Protein chains: 2
Amino acid sequence: MEARVAEQSTAGQANKRRVTLTRESILEAALRLCSPEGGGQLTFSRLGKELGADPTAVYRHFRDKDELVLALTDLTIQEGIELARQALPDGPADDWRAWLTVTAQSVRTSYLARPALAVLAAARTTASPAETHSVEQLISVLHRAGLPVVEAAECYRALLDLTLAMTQYTAAFSILDPQAQEKDEAAWAVKYGMLPEDEFPLLHRSAPRLTELFRDDDGVFALVLSTFLDGVAVRIERARNAG
Amino acid sequence: MEARVAEQSTAGQANKRRVTLTRESILEAALRLCSPEGGGQLTFSRLGKELGADPTAVYRHFRDKDELVLALTDLTIQEGIELARQALPDGPADDWRAWLTVTAQSVRTSYLARPALAVLAAARTTASPAETHSVEQLISVLHRAGLPVVEAAECYRALLDLTLAMTQYTAAFSILDPQAQEKDEAAWAVKYGMLPEDEFPLLHRSAPRLTELFRDDDGVFALVLSTFLDGVAVRIERARNAG
DNA sequence: GTGCCGCTGTCAATGGCATTGACAGGCTCG
DNA sequence: CGAGCCTGTCAATGCCATTGACAGCGGCAC
């Protein structure tokens with residue numbers, strides 16, 4: 001169907017042949033559009049062009065844009081989980097920390113491959129059947145590490161929101177036109193470079209690191225994640241001592 | 001000037017008297033629109049109506065919407081910092097943890113009072129001069145607690161992104177029409193309620209807590225924040241032992 | 001005081017967006 | 001062979017940000 005769509009979109013310019021859409025072909029095309037290479041913008045008109053069909057034809061398969069986005073996030077989450085599985089084929093293997101890190105990073109990676117989707121997805125948390133097993137596994141990992149079940153579930157939820165929120169935050173920034181990004185960056189650089197040393201001694205000393213972190217969203221995420229997991233470790237310790 | 005604008009907007013319906021806008025009056029009106037009571041949507045046409053002026057008049061004071069939003073986030077951050085100051089008038093007082101918690105929560109509160117702004121603000125990190133002192137103070141608190149300067153700065157950055165990202169995440173959800181929210185909620189409830197106990201034992205046991213957390217974004221944030229700060233504590237401990 | 005200029009509000013228009021309803025071709029089922 | 005549904009097409013609606021031409025009002029120079 002990949003091939004078919006491509007064929008249509010190249011040849012379909014002249015002859016007005018109807019293209020037959022399917023849920024799958026639409027999702028594929030939409031994912032392509034969401035990636036930076038695909039233009040990084042998901043709109044019905046672009047989607048129509050990509051499919052070689054009228055934009056409104058999509059409405060025959062998805063009630064509205066929201067429903068389309070929901071389906072796309074579902075796919076993306078699934079892909080992230082799959083990615084994690086490939087990275088750590090042996091499962092948790094008693095190292096809860098590595099497992100959680102890889103899982104979070106994988107989901108983040110999948111999302112960031114399609115920043116436009118991440119932005120659209122906003123706060124829609126799909127109750128995807130695909131991820132259910134992963135959630136059970138995640139909780140189980142934390143539980144075996146020593147956390148009571150409910151607390152393990154809380155940690156899962158916290159980690160999930162943390163990851164999605166920060167990923168969307170990054171995606172939103174990466175969507176901005178380069179001009180605006182540079183403007184922001186310049187503002188920061190000036191701000192941190194020009195600070196009077198006597199009034200802001202600490203800020204002055206950490207300015208290099210801060211400007212370095214400015215563009216390194218992944219670095220900041222890694223920082224947050226590892227600090228958060230340090231916190232989880234503390235909780236596990238506490239639970240063990242209490243139990 | 002507040003009064004003047006108000007006077008105009010009440011009396012100005014009939015007589016087409018020109019309203020004189022100022023940067024301040026615009027920002028005020030815009031903030032009002034961003035709050036749920038004000039309609040929760042910031043558009044030029046609404047803004048024009050609110051001001052009793054032509055929508056496009058705003059362009060005389062702000063180059064585009066982005067610039068307006070930047071100014072608004074600046075105000076909001078300032079307000080958050082002010083809030084924190086009021087909550088803890090004595091300053092850090094050697095309790096870094098309380099200080100960081102209150103600061104983060106205050107910024108979050110200010111943002112959530114205007115969800116529409118939070119969504120628009122997305123990843124624009126303003127280099128607001130207003131907050132510079134707070135940043136210096138924040139780093140100083142962590143430094144006095146025992147963290148090397150650079151690491152303190154890293155923690156600041158991590159905490160900032162964490163807070164903003166999660167707040168915007170929450171705001172994005174709260175913006176959705178109630179119908180969509182209910183749909184999501186229903187999906188979750190079904191998902192967690194219907195889980196076969198034998199296949200997902202842990203998920204089944206934690207289902208009540210998870211559905212409880214579903215709508216409680218503030219609770220999740222508190223959870224993330226406190227876990228993160230546990231992690232910071234670990235780092236402080238490490239640094240002390242190493243130094 | 002007079003004339004000019006710039007500041008700022010107004011108006012009309014543009015192009016993009018999601019979404020809707022009427023229409024039409026082709027497919028399947030009877 | 002015919003009815004009806006599935007699905008693509010087309011035209012139109014309403015909201016959005018943004019732009020360019022225009023117009024009044026104020027202050028400034030002379």
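This is a short tour of a predicted model, with stops at chain A, at the contact between chains A and B, and at DNA strands C and D.

**Stop 1: chain A by itself**

Select chain A and switch on the cartoon view. What does its secondary structure come to? You'll find 11 helices and 0 strands, so to speak a run of α after α along the sequence. Its C-alpha atoms fill a box of roughly 70 × 50 × 30 Å along the principal axes.

Now colour residues 43-62 of chain A. An unreviewed UniProt entry annotates this stretch as "DNA-binding region". The stretch is 40% helix and 0% strand, and its end C-alpha atoms are 13 Å apart. Keep that colour on for the DNA stops.

**Stop 2: where the two chains meet**

Show chain B as well, and select the residues in contact. There are 65 from chain B and 65 from chain A. How much area do the two chains bury between them? It comes to about 6000 Å², with 65% of it on carbon and sulfur atoms. Pick out B:E136, B:R157 and B:Y169: these supply 12% of the area that chain B buries against chain A, more than any other three residues.

Next, look for charged partners. The interface holds 6 salt bridges. To see one of them, zoom in on the side chains of B:D230 and A:R235, which meet at 3.1 Å, N to O. Polar contacts link 18 residue pairs between the chains, counting pairs with both residues at pLDDT 80 or more.

Which helices of chain B should you light up here? Try α7 (129-145), α8 (149-175), α9 (178-193), α10 (201-215) and α11 (217-242), each of which supplies at least two residues to the side touching chain A. Of these, α8(B) gives the most, with 16 residues. Colour that side of chain B by class and you get 36 nonpolar, 12 polar and 17 charged residues.

**Stop 3: DNA strand C**

Select DNA strand C and the 21 residues that surround it. The closest are A:K65, B:L21, B:D54, B:T56 and B:R60, and so both chains appear in that list. Of the strand's atoms within 4 Å of the protein, 47% belong to sugar or phosphate and the rest to bases.

Now click through three spots on the phosphates:

- A:F44 has a backbone N or O atom 2.9 Å from a phosphate oxygen.
- B:L21 has a polar backbone atom 2.7 Å from a phosphate oxygen.
- B:H61 uses a polar side-chain atom, 2.9 Å from a phosphate oxygen.

Which helix gives the most to the surface near strand C? That's α3 (residues 44-51) of chain A, with 3 residues. By class, this surface has 7 nonpolar, 6 polar and 8 charged residues.

**Stop 4: DNA strand D**

Move to DNA strand D, with 21 residues around it. Here A:L21, A:D54, A:T56, A:R60 and B:K65 come nearest. Sugar and phosphate make up 49% of the strand's atoms within 4 Å of the protein.

For a base, go to A:T56: an N or O atom in its side chain is 2.9 Å from a base nitrogen of strand D. For phosphates, show the side chains of A:H61, at 3.0 Å from a phosphate oxygen, and B:Y59, at 3.2 Å from a phosphate oxygen.

Finish by selecting helix α3 (residues 44-51) of chain B, the source of the largest share of this surface, 3 residues. The surface near strand D divides into 7 nonpolar, 6 polar and 8 charged residues.

Terms used
Residues numbered from 1 in each chain as written. Chains lettered and ligands numbered in written order. Heavy atoms only, no water. Contact = heavy atoms within 4.5 Å. Buried area = accessible area lost by both parts, 1.4 Å probe. Salt bridge = Lys/Arg side-chain N within 4 Å of Asp/Glu carboxyl O. Polar contact = N/O pair within 3.5 Å; in protein donor to acceptor, adjacent residues only side chain to side chain. Helix = DSSP H or I, 4+ residues; strand = E, 2+ residues; numbered from the N terminus. Nonpolar A, V, L, I, M, F, W, Y, C, P; charged D, E, K, R; others polar. Near = heavy atom within 4 Å. UniProt positions renumbered as here; feature names shortened; annotations may be inferred.
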